[in-house]
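Biologist: I should like to learn how to read the features of a protein model. Could we take them one at a time?

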Amino acid sequence: MKDIGKLLKQAQQMQTKMAEMQAKLAERTVESSSGGGMVKIVMNGQHEIISVNIDPEVVDPADVEMLEELVAAAVNEARSKVDEMVKGEMSSLTGGLPIPGLF
């Protein structure tokens, strides 16, 4: 019974640290771009897009598909950067131990 109490206390501490980490990640941002910087995306650590910047030169009504592809590429790159940032934070929290269901 003594070990179960200790385990529960460790689980509560981990839960508190996770909440702190999520709050910290919400404040951190990454920036990505595509098309040589013509499309820029800023995303926070909770995968929320903070801003989208599109250079007017890349807006061509006759070629909307290209702009769609540039936006998709920039968003996907930003998501990858956030995933790496979160993975790094999780690793420091768990001591490098992979915990199923967290990431």
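Biologist: Which residue of strand 2 does Ser32 stand opposite?

Modeller: This is a predicted model. In it, Ser32 belongs to strand 1, residues 29-34, and its opposite residue in strand 2 is Ile41. These two strands run antiparallel and are joined by 6 bridges.

Biologist: In what order do the strands form the sheet?

Modeller: The sheet is open, with 3 strands in the order 1-2-3 and antiparallel pairing. Strand 1 and strand 3 (49-54) are at the edges; each has a single partner strand, so one side of each lacks a neighbour in the sheet. On average, neighbouring strands are turned by 15° against each other, direction ignored.

Biologist: Which helix packs on this sheet?

Modeller: Helix 2 does, touching strand 1, strand 2 and strand 3. The direction of helix 2 makes about 150° with that of strand 1.

Biologist: Is Ser32 buried or exposed?

Modeller: A residue counts as buried when its relative accessible area is under 20%. Ser32 has 2%, and is therefore buried. Leaving aside residues up to four places away in sequence, Ser32 touches several others, including Val39, Ala74 and Lys81. A polar atom of the Ser32 side chain lies 2.6 Å from the backbone oxygen of Ala74.

Biologist: Which residues of helix 1 are buried?

Modeller: An α-helix has 3.6 residues a turn, so residues three or four places apart point the same way. In helix 1 (residues 2-27), Met18, Met21 and Leu25 are buried. Their cover includes strand 2 (39-44) and helix 2 (64-94).

How values were computed. Residues are numbered from 1 along each chain as its sequence is written. This is a predicted model: local features need pLDDT of at least 70, side-chain atom pairs count only at pLDDT 80 or more; totals for chains, interfaces and linings use all residues. Side-chain values use heavy atoms; hydrogens and water are left out. Helices (H or I, at least four residues) and strands (E, at least two) are DSSP runs, numbered from the N terminus. Buried means under 20% relative accessible area, exposed over 50%, partly exposed in between (1.4 Å probe, protein chains only). A polar contact is a pair of N or O atoms within 3.5 Å; within protein, one must be able to donate a hydrogen and the other to accept it, and residues adjacent in sequence count only if both atoms are side-chain atoms. Contact means heavy atoms within 4.5 Å. The expected span of a helix is 1.5 Å times one less than its number of residues. Two strands pair if DSSP finds at least two bridges between them. Axes are lines fitted to C-alpha atoms, for helices over the stretch in contact, and angles run from 0 to 180 degrees between N-to-C directions.
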